[in-house]
Number of protein chains: 2
Amino acid sequence: MRVKYPEETRELVEAGLERYFPAGKRPDILYEAMSHSLFSGGKRFRGILVIETAKTFGVSPKKALPTACAVEFIHTYSLIHDDLPAIDNDYLRRGQPTCHVLFGEDIAILAGDALFAEAFNLIAREQAADDPAGVLKVVAEIAGATGVCGMVGGQAVDVVSSGKQVDAETLEYIHHNKTGALIRASTVSGAILGGADEKSLRSITEYGVSLGLAFQVTDDILDVIGDPGLLGKTPGSDERAKKATYPGICGLERAQEFARERVEAAKASLSNLDSRTSVLRDLADFVFERQW
Amino acid sequence: MRVKYPEETRELVEAGLERYFPAGKRPDILYEAMSHSLFSGGKRFRGILVIETAKTFGVSPKKALPTACAVEFIHTYSLIHDDLPAIDNDYLRRGQPTCHVLFGEDIAILAGDALFAEAFNLIAREQAADDPAGVLKVVAEIAGATGVCGMVGGQAVDVVSSGKQVDAETLEYIHHNKTGALIRASTVSGAILGGADEKSLRSITEYGVSLGLAFQVTDDILDVIGDPGLLGKTPGSDERAKKATYPGICGLERAQEFARERVEAAKASLSNLDSRTSVLRDLADFVFERQW
């Protein structure tokens, strides 16, 4: 891999997750389930995006940390619910048994629900409130990106499309929403925290949209050619689940071209910004080159 | 029944839910599932509490409507997830087949997730923003009340206690959190929207806490002696599911006394307030006298 992953920021997010993990004890199993899924070695890509975008607009990493951790709570919640027997029925995630396998379906559903609630709790309580109107915009951006015109909408189309022939337009809809929306919301939230103006916000939105799509396409690609040891799961799960994917619809080579195009588009969106964007460019390259 | 239910406010909430129901079309089944569960004739008790509390502090019903509708979105989401086969496995709710029975478990999980996301989306986008700091406090109050130290925590203790002998303290913990927390958050949110001072906020919090506990105790009682036609479900489900309840632990008569005590305590909490609280008192009496 040519691109350096921002490990320092990743460690900051990791420490933030420990710090902001909701205190409470009852019942133990709920916290164990949440903790199992949250602390199983994710890339923290979305949390890093919040922080690195905020940094581009002059906000210190520490200051953006609550929002960064909140999007990681949400990402983990979405994985727990996606893995449920009624949805993707996955047994392995990040090299570990999935939440419902270890703690039961009931607790897994509730652990996901809890992480989602605690994400908004965290932003509303801990995200520096010298700009409450800005923080409310962050809540709106993230809630919108996780609702019917975002993550859940995309996941629902994915669910109803499973096993069916889907066209490229539907596939793009799924990817934009299921995966893309939260990635876009992460970059946009970072920019809002930094008080970005309208024009910059548009550029960052475009960056996030292209990046999000590229991320899901490379996910599809890794599910075909990825290394199980690096991925922490068995490749081929999309094919087994008869999921629509880019490699499945247009072939591996075209899917790789498409991912590269989106990554280049993401980087091009940054060219309008005055500020330093080298880490955001690196993150885009990482999406194309990643092996996990 | 002696107490008049605030039907006018209920109709306002109903109209608000129609208005704020998230626009979007894809996939149809997700909207049908959300709509089925949201528009099946609930009491709108929590939404009414937001509006009537806000009114007590001088806020017009219309102005508090987005938050009122958001807590109804959340209440509906919690019912959809509670009814799932992995949790309470209920087939009937408000006289209708439950969400998963009609639309499948996968779509029911996602419909709940979507309503939860759209609740925060609604508050952050539509709740009048002349006081963003106040609206952020509302987000914090509601998110906290639905997380590990609220609804989900209570539900999780309920799940792990099912079929076991539980003590009165655990039962109170379940009731306070599973049902009480969102009821308290509804009253507190209304007060925050009205710019209530610290002292008033304490009184309203006490009111909401007592009311929430009373509400769940009367729910338990109705599950023993309620009229199936009025309830929209078959009584006796708690006993069948071996759930811990107040009538089960201390007998029907003591449970009724306890509910009455909590209702009186709720009303007493209002005595410190200068403003008109007759509707809030009536709502407390309704909780004791209700047959549905």
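So, burial first: in this predicted model, buried residues make up 57% of the 292 residues in chain A. Keep that in mind while we look at overall shape. With 292 residues, a compact globule would have a radius of gyration near 19 Å, and chain A comes in at 18 Å, so the two agree. If you want a box for it, the C-alpha atoms of chain A fill roughly 50 × 50 × 35 Å along the principal axes.

What's it built from? Chain A has 15 helices and 2 strands. And on the contacts: taking those in chain A with a separation of 6 or more, 73% are between residues 24 or more positions apart.

Okay, the two chains. How do you get from chain A to chain B? You rotate by 180° with 0.0 Å of shift along the axis, and chain A superposes on chain B with an RMSD of 0.0 Å. The two copies are thus related as by a two-fold rotation axis. Which residue of chain A comes closest to that axis? That's Pro132(A), with its C-alpha at 2.8 Å.

Now the interface itself. 45 residues of chain A are in contact with 45 residues of chain B. On the chain A side, the elements giving two or more residues are helix 2 (28-38), helix 6 (105-126), helix 7 (132-146) and helix 8 (151-161). Helix 6 of chain A gives the most, with 14 residues. By class, that side of chain A has 31 nonpolar, 8 polar and 6 charged residues. And 100% of the interface residues of chain A are also interface residues in chain B, so the copies meet through the same surface.

Let me hop over to chain B and stay with helix 8, residues 151-161. Here 9 of the 11 residues are buried, so helix 8 of chain B is largely enclosed by the rest of the structure. The buried ones are Met151(B), Val152(B), Gly153(B), Gly154(B), Gln155(B), Ala156(B), Val157(B), Asp158(B) and Val159(B). What covers them? The cover includes helix 2 and helix 6 of chain A, together with helix 4, helix 7 and helix 9 of chain B. So both chains show up in that list. After helix 8 of chain B you get Gly163(B), with a positive phi near 85°.

Helix 4 of chain B, which we just met in that cover, is worth a couple of minutes, starting with its packing against helix 9 of chain B. Their axes come within 10 Å and cross at roughly 170°. That makes helix 4 and helix 9 of chain B roughly antiparallel to each other. From helix 4 of chain B you have Ala64(B), Thr67(B), Val71(B), Ile74(B) and His75(B), meeting Leu182(B), Ser186(B), Ser189(B), Gly190(B) and Leu193(B) in helix 9 of chain B. By class, this contact divides into 5 nonpolar, 5 polar and no charged residues.

Then there's helix 1 of chain B, residues 7-20. Helix 1 packs on helix 4 of chain B at an angle of about 70°, with the axes 9 Å apart. These two helices of chain B are therefore roughly perpendicular. Helix 1 of chain B brings Thr9(B), Leu12(B), Val13(B), Gly16(B), Leu17(B) and Tyr20(B), and they meet Pro61(B), Leu65(B), Pro66(B), Ala68(B), Cys69(B) and Glu72(B) in helix 4 of chain B. The class count for this contact is 9 nonpolar, 2 polar and 1 charged.

Last bit: two single residues back in chain A. Val59(A) sits in the loop between helix 3 (45-56) and helix 4 (65-83) of chain A. Buried or exposed? With 21 C-beta neighbours inside 10 Å, Val59(A) counts as buried, since the cut-off is 20 or more. Leaving aside neighbours within four places in sequence, Val59(A) is in contact with Ala54(A), Ala64(A), Leu193(A) and Gly194(A). Val59(A) and Leu193(A) are 134 residues apart in sequence but 7.3 Å apart in space, C-alpha to C-alpha.

The other one is Leu201(A), in helix 10 (residues 198-225) of chain A. Leu201(A) has 18 C-beta neighbours inside 10 Å, so it counts as partly exposed. Again leaving aside neighbours within four places in sequence, its contacts are Val188(A), Ala191(A) and Ala196(A). And for a distance: the C-alpha atoms of Leu201(A) and Leu270(A), 69 residues apart along the chain, are separated by 11 Å.

How values were computed. Residues are numbered from 1 along each chain as its sequence is written. Chains are lettered from A and ligands numbered from 1 in the order in which they are written. This is a predicted model: local features need pLDDT of at least 70, side-chain atom pairs count only at pLDDT 80 or more; totals for chains, interfaces and linings use all residues. Axes are lines fitted to C-alpha atoms, for helices over the stretch in contact, and angles run from 0 to 180 degrees between N-to-C directions. Helices (H or I, at least four residues) and strands (E, at least two) are DSSP runs, numbered from the N terminus. Angles under 35 degrees count as roughly parallel, over 145 as roughly antiparallel, 65 to 115 as roughly perpendicular and the rest as oblique. Two residues are in contact if their C-beta atoms, placed from the backbone, lie within 7 Å. Ala, Val, Leu, Ile, Met, Phe, Trp, Tyr, Cys and Pro count as nonpolar, Asp, Glu, Lys and Arg as charged, and the others, Gly among them, as polar. The radius of gyration is taken over C-alpha atoms; the globule rule is 2.2 Å times the number of residues to the power 0.38. A residue is buried if 20 or more other C-beta atoms lie within 10 Å of its own, exposed if 12 or fewer, and partly exposed in between; C-beta atoms are placed from the backbone. Copies are superposed by least squares on the C-alpha atoms of residues with pLDDT of at least 70 in both.
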